[in-house]
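Please look over the sequence and the model shown here before reading on. The paragraphs that follow lead through the helices, the aromatic residues and the loop, one after another.

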Amino acid sequence: MPPRWPRKPDRADPQFRRLDDRMTFAVHVAAFLACNSGVWFVHNIRQAEWSWIGWFSGIWGMVLLGHLVYIAAIADYSKKSHG
């Protein structure tokens with residue numbers, strides 16, 4: 001069940017921005033897991049010699065980590081930061 005927002009969603013609302021950023025991060029994590037597990041599954045089944053697969057997973061993992069650092073430590077959700 002998706003989270004319910006008690007009032008009209010507004011990107012200027014700091015609480016809504018925080019929730020929206022966290023839900024976006026959750027979608028990013030889901031896409032990372034789905035794509036990487038699929039690529040690694042095909043890699044293992046076909047016994048492929050894909051030299052790029054480690055870079056693919058590693059770089060995307062670093063981007064995901066950067067996304068987490070941004071929403072957890074860098075993003076400013078105060079009223080004054082937006083508008």
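How many aromatic pairs does the count come to? In this predicted model, the count comes to four aromatic pairs. One of them joins F32 and W60 in an edge-to-face arrangement, with 5.6 Å from centre to centre and 85° between the planes. This pair links distant parts of the chain, since F32 belongs to helix α1 (residues 14-46) and W60 to helix α2 (residues 53-74), 28 residues apart. F32 and W60 are both buried.

A further edge-to-face pair is formed by F56 and W60, whose ring centres lie 5.7 Å apart and whose planes make an angle of 75°. Here both residues, F56 and W60, lie in helix α2, four residues apart, which is about one turn of the helix. In an α-helix there are 3.6 residues a turn, so residues three or four places apart point the same way. F56 has a relative accessibility of 30% and therefore counts as partly exposed, because the class of partly exposed residues begins where the buried class, under 20%, ends and reaches up to the exposed class, over 50%. Taken together, F32, W50, W52, F56 and W60 form one aromatic cluster.

W60 also has contacts along helix α1: not counting residues up to four places away in sequence, W60 touches H28, A31, F32, C35 and N36. The residues F32 and W60 appear again in the largest nonpolar core, which has seven residues in all, namely F25, F32, W60, L64, I71, A75 and Y77. Helices α1 and α2 each supply at least two residues of this core, and the largest share, three residues, comes from α2.

Helix α1 can next be followed along its length. At its start, a side-chain oxygen of D13 reaches to within 3.3 Å of the backbone nitrogen of Q15. With 33 residues at 1.5 Å a residue, α1 should span 48 Å, and because its end C-alpha atoms are 48 Å apart, the expected and the computed span agree. The buried residues of α1 are P14, F16, R17, D21, F25, H28, F32, N36, V39 and H43, and what covers these buried residues includes α2.

Which of the classes, buried or exposed, does H43 fall into? H43, a residue of helix α1, has a relative accessibility of 15% and so counts as buried, the cut-off for that class being under 20%. The side chain of H43 makes a polar contact with the side chain of N44, at 3.3 Å. Leaving aside neighbours within four places in sequence, H43 is in contact with A48, W50 and I53; of these contacts, W50 is also a member of the aromatic cluster that includes F32 and W60.

What follows α1, and what is the sign of its phi? Helix α1 is followed by Q47, whose phi is positive, near 50°. Most residues other than glycine have a negative phi, whereas Q47 has a positive value although it is not a glycine. Q47 lies in the loop between α1 and α2, and at 66% relative accessibility Q47 counts as exposed, because the exposed class takes in values over 50%.

Note on methods. Residues numbered from 1 in each chain as written. Predicted model: local features only at pLDDT ≥ 70, side-chain atom pairs only at ≥ 80, totals over all residues. Heavy atoms only, no water. Phe/Tyr/Trp six-rings, centres within 6.5 Å; stacked < 30°, edge-to-face > 60°. Buried < 20%, exposed > 50% of the residue type's maximum accessible area, 1.4 Å probe, protein only. Polar contact = N/O pair within 3.5 Å; in protein donor to acceptor, adjacent residues only side chain to side chain. Contact = heavy atoms within 4.5 Å. Core = buried A, V, L, I, M, F, W, Y, C linked by side-chain atoms within 4.5 Å. Expected span 1.5 Å × (residues − 1).
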